[in-house]
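User: I am new to this structure and would like to go through it step by step. Could we begin with one of the strands?

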Amino acid sequence: MSILDTFKKIFNKEEEIEMKNILFIVGSLREGSFNHQLAQNAEKVLEGKANVSYLDWKNVPMFSQDLETPVLPEVQAVRDAVAAADAIWIFSPVYNFSIPGPVKNLLDWLSRAVDLSDTTGKSAIDSKVTTVSLLANGGHDQAAEVYRNLLPFIRTNFVDQLTFSKVNDSAWADGKFVADDDVLAQLDKQVAALLAAIK
Ligand SMILES: Cc1cc2nc3c(=O)[nH]c(=O)nc-3n(C[C@H](O)[C@H](O)[C@H](O)COP(=O)(O)O)c2cc1C
């Protein structure tokens with residue numbers, strides 16, 4: 001291997017090491033979710049800029065304080081994934097002009113102190129950089145307002161550069177979400193703001 005190749009190898013490795021980890025939370029558990037497809041568009045924009053993984057949160061139970069101790073494996077798993085991430089990006093439908101109940105449930109779990117001997121103590125999501133994209137046909141502003149209040153309230157560092165998208169008409173027939181130029185431009189801006197917040 002030439003000296004140049006050796007340098008290239010080292011340089012690329014450093015770049016790899018420096019890539020931040022962004023955890024995607026798709027706020028719809030539906031197979032074929034349009035929000036999942038929007039997340040895939042965002043993943044493309046992040047290619048080569050950050051590592052992306054998707055949170056598996058479908059088995060997180062309905063929150064009850066009776067279930068908090070001992071910590072359930074399903075809860076520990078989402079806490080670990082969140083703790084390992086540099087940023088959390090939520091892709092959310094709008095349900096009844098608000099955020100989906102299952103997402104609120106997940107965030108309620110994540111908002112709880114890891115050590116319950118001090119309920120005001122650090123949670124898994126404490127101080128994490130967060131942002132949100134919304135894909136629905138109406139109620140974006142109302143749902144965004146809920147996230148704008150909730151995410152700082154649970155002590156995350158909220159990046160208020162959101163993407164608002166509608167479902168394209170043909171998606172209702174063929175199940176394929178198509179991001180238009182406006183949505184792609186919004187995602188570009190959101191990626192830039194998110195990466196700036198975690199650098
Ligand atoms: C309980 C419920 C409430 C909904 N409320 C809204 C709404 O307020 N605004 C809207 O645009 N769509 C609403 N929808 C439709 C969803 O936005 C639509 O099903 C969308 O495809 C969900 O995202 P997904 O494809 O990622 O699952 C609602 C759907 C459900 C199940």
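User: Which residues of β3 lie on one side and which on the other, and are they buried or exposed?

Analyst: In this predicted model, A87, W89 and F91 lie on one side of β3, while I88, I90 and S92 lie on the other. Every one of these residues is buried, which leaves both faces of the strand covered. Counted along the strand, 6 of its 6 residues are buried.

User: Which strands pair with β3, then?

Analyst: Strand β4, residues 129-135, runs parallel to β3, residues 87-92, and 6 bridges join the two. Strand β1, residues 20-26, also pairs with β3 in the parallel sense, over 5 bridges.

User: What are the bridge partners of I88 and S92 in β4?

Analyst: I88 has T130 as its bridge partner in β4, and S92 has L134. Towards β1, the bridge partner of I22 in β3 is A87.

User: How many residues of β4 are buried?

Analyst: In β4, 7 of its 7 residues are buried, so the strand is described as mostly covered. V129, T131, S133 and L135 point one way from the strand, whereas T130, V132 and L134 point the other way. Residues on both sides are buried.

User: Back to I88 for a moment. What does it touch?

Analyst: Leaving aside residues up to four places away in sequence, I88 touches L23, I25, V82, I125, K128 and T130. T130 is also the bridge partner of I88 in β4. In addition, I88 is among the residues with the most contacts inside the largest nonpolar core, together with I22, F24 and W89. That core has 48 residues.

User: Changing topic: which residues are closest to the ligand?

Analyst: The closest are S28, S33, N35, P93 and A136, within a shell of 15 residues that surround the ligand. By class, the shell has 7 nonpolar, 7 polar and 1 charged residues.

User: And the chain as a whole, how many helices and strands does it have?

Analyst: The protein chain has 7 helices and 6 strands. Read along the sequence, they follow the pattern α-β-α-β-α-β-α-β-α-β-β-α-α. The radius of gyration is 18 Å, close to the 16 Å that the globule rule gives for 199 residues, so the chain is as compact as a globular protein of that length.

User: What box do the C-alpha atoms fill, and what share of the residues is buried?

Analyst: Taken along the principal axes, the C-alpha atoms fill a box of roughly 60 × 50 × 25 Å. Of the 199 residues, 33% count as buried. As for contacts with a separation of 6 or more, 75% are between residues 24 or more positions apart.

User: One last residue: where is A193, and why is it called partly exposed?

Analyst: A193 is found in helix α7, residues 181-198. A193 is called partly exposed because 15 other C-beta atoms lie within 10 Å, and a residue would need 20 or more to be buried and 12 or fewer to be exposed.

User: What does A193 touch beyond its neighbours in sequence?

Analyst: Not counting residues up to four places away in sequence, A193 touches V159 and Q161. The C-alpha atoms of A193 and D160 are separated by 8.5 Å, although the two residues are 33 residues apart along the chain.

How values were computed:
Residues numbered from 1 in each chain as written. Predicted model: local features only at pLDDT ≥ 70, side-chain atom pairs only at ≥ 80, totals over all residues. Near = placed C-beta within 6 Å. Nonpolar A, V, L, I, M, F, W, Y, C, P; charged D, E, K, R; others polar. Core = buried A, V, L, I, M, F, W, Y, C linked by C-beta atoms within 7 Å. Contact = placed C-beta atoms within 7 Å. Helix = DSSP H or I, 4+ residues; strand = E, 2+ residues; numbered from the N terminus. Rg over C-alpha atoms; globule rule 2.2 N^0.38 Å. Pairing = 2+ DSSP bridges.
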